[in-house]
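Please examine the protein chain shown below, together with its coordinates. A formal exchange about the model comes after it.

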Amino acid sequence: MTLLTLTAALAGPLTASAAPSKGKTAAAARSDNAPDVVQYGQREDVVAFAQQVTERHQLPVDWAVKQLAAARYLPRVAQLVMPPPAGAPKNWEAYRARMVDAQRVREGVRWWAQHEDSLRQAEARYGVPASFIVAIIGVETYYGRITGDFKVIDALATLAFDFPKGRSDRSGFYRDELEAFLRWCAREGRDPHSVKGSYAGAIGLPQFMPSSILKYAVDFDGDGKIDLNTHGADVVGSVAHYFAEFGWERGQPTHFAVKPPTDTRDRAHLLAPDIVPSFTAQQMAERGAELDEAGRTYTGPLALVELQMGERAPAYVAGTKNFYVVTRYNWSSYYAMAVIELARSLRQARPEAKP
């Protein structure tokens, strides 16, 4: 996503007698089989949060307190946000095989045909190719098949007020997202307890976090509301607007082929900025990187991007500003390459691409 999709979680069941005092550290994630006594009720820090939100955004305080008081701690969210156990080394080919399979391509071609007019209009307005918009929806939610079945207010409350131990604390991020979610629901007249999404609180086909909905979602069909679940036009326009706001450059490539420097020090120097384009083609050449012909003539900044291949030697590409923009949806070179590869496969599979 977005950014793409982050997570965290609340502690144990809270009753009036068991609720921790303000500022007390939460317990670890409970079992799904624990007693069903998990509503936040009148917990002091939750009520204080609701009052702060209503003061900042002129919302009815009784409404905000009521919504948050009925929010529930979700043990499963606490479990899902934890880092996975150490496993096999990263493998770009295996990742690609999962994200760019034949069925996903077929579904993408069908989704493209269904929303062709909106895709054409979005490309004209924002400069983002239709194939990339369709690929984002395919990677994020398999064209609406997998949008999440968690109540967003419960997931965000879990992440905001009782982040689990065992990883860096992201509760501040999720409090901001919970605030944005309440603002969005109030603005749209939505029942906060009716909105479903991912365990991290991402919503709809493009899996926008609430703050991204407020900043980047657009009413692309002009019907007076923004629907990221059933209105294809709003989904298309919102993804294109998101890319444009992060600096998508119309008509420019996402990457070039490159052979990395053989000298490990030169390679480390070029890899140091990670996916942030930081070097000219000449600077990369001076460090021993061999760009293809198109890359050698490219005038914008480039990044040397490494893609691990399991036990084999890594693969490399030279990423442009547009490659970096794709990673604003999810900070991962593997994710960006999957979107790029799916977009390419979709273009090739379109009926008009056939000879």
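The questions and replies below concern confidence, the sheet, a helix, one residue and a cavity.

Me: Which conventions apply to this model, and what average pLDDT does the protein chain have?
Reply: This is a predicted model, in which local features need pLDDT of at least 70 and side-chain atom pairs count only at pLDDT 80 or more, while totals for chains, interfaces and linings use all residues. Residues are numbered from 1 along each chain as its sequence is written, and side-chain values use heavy atoms, with hydrogens and water left out. pLDDT is the predictor's confidence in each residue, from 0 to 100. At least 70 is scored by 88% of the residues, and the chain average is 89.

Me: Over which residues does pLDDT stay under 50?
Reply: Where pLDDT is low, the predicted coordinates should not be read in detail. The model has 97 contacts (heavy atoms within 4.5 Å) beyond four places in sequence for the stretch in question, which is residues 3-37.

Me: What is the order of the strands in the open sheet?
Reply: Strands (E, at least two residues) and helices (H or I, at least four) are DSSP runs numbered from the N terminus, and two strands pair if DSSP finds at least two bridges between them. Strand β3 (residues 255-259) pairs antiparallel with β6 (residues 312-319) over three bridges and with β4 (residues 290-291) over two. Six bridges join β5 (residues 303-309) to β6, also antiparallel. The order of the four strands is therefore β4-β3-β6-β5.

Me: Which strands stand at the edges of the sheet?
Reply: An edge strand has a single partner strand, so one side of it is left without a neighbour in the sheet. The strands in this position are β4 and β5.

Me: Which residues form the covered face of β3?
Reply: In a regular strand the side chains alternate between the two faces of the sheet. His 255, Ala 257 and Lys 259 are on the uncovered face of β3. The covered face consists of Phe 256 and Val 258.

Me: Which residue of β6 is the bridge partner of Ala 257?
Reply: Phe 256 has Ala 318 as its bridge partner in β6. Val 305 stands opposite a residue of β6, Val 317. The partner of Ala 257 is Val 317.

Me: Against which helices do the buried residues of α2 pack?
Reply: Buried means under 20% relative accessible area, exposed over 50% and partly exposed in between (1.4 Å probe, protein chains only). In α2 (residues 61-69), Ala 64, Val 65, Gln 67, Leu 68 and Ala 69 are buried. They pack against α1 (44-57), α8 (152-161) and α9 (171-188).

Me: How does Arg 175 count, buried, partly exposed or exposed?
Reply: Arg 175 lies in helix α9. Not counting residues up to four places away in sequence, Arg 175 touches Asp 45, Phe 49, Ala 160 and Phe 161. Because its relative accessibility is 26%, Arg 175 counts as partly exposed.

Me: Where does Gly 310 lie, and what phi does it take?
Reply: Gly 310 belongs to the hairpin of β5 and β6, which has two residues between the strands. Its phi is positive, near 70 degrees.
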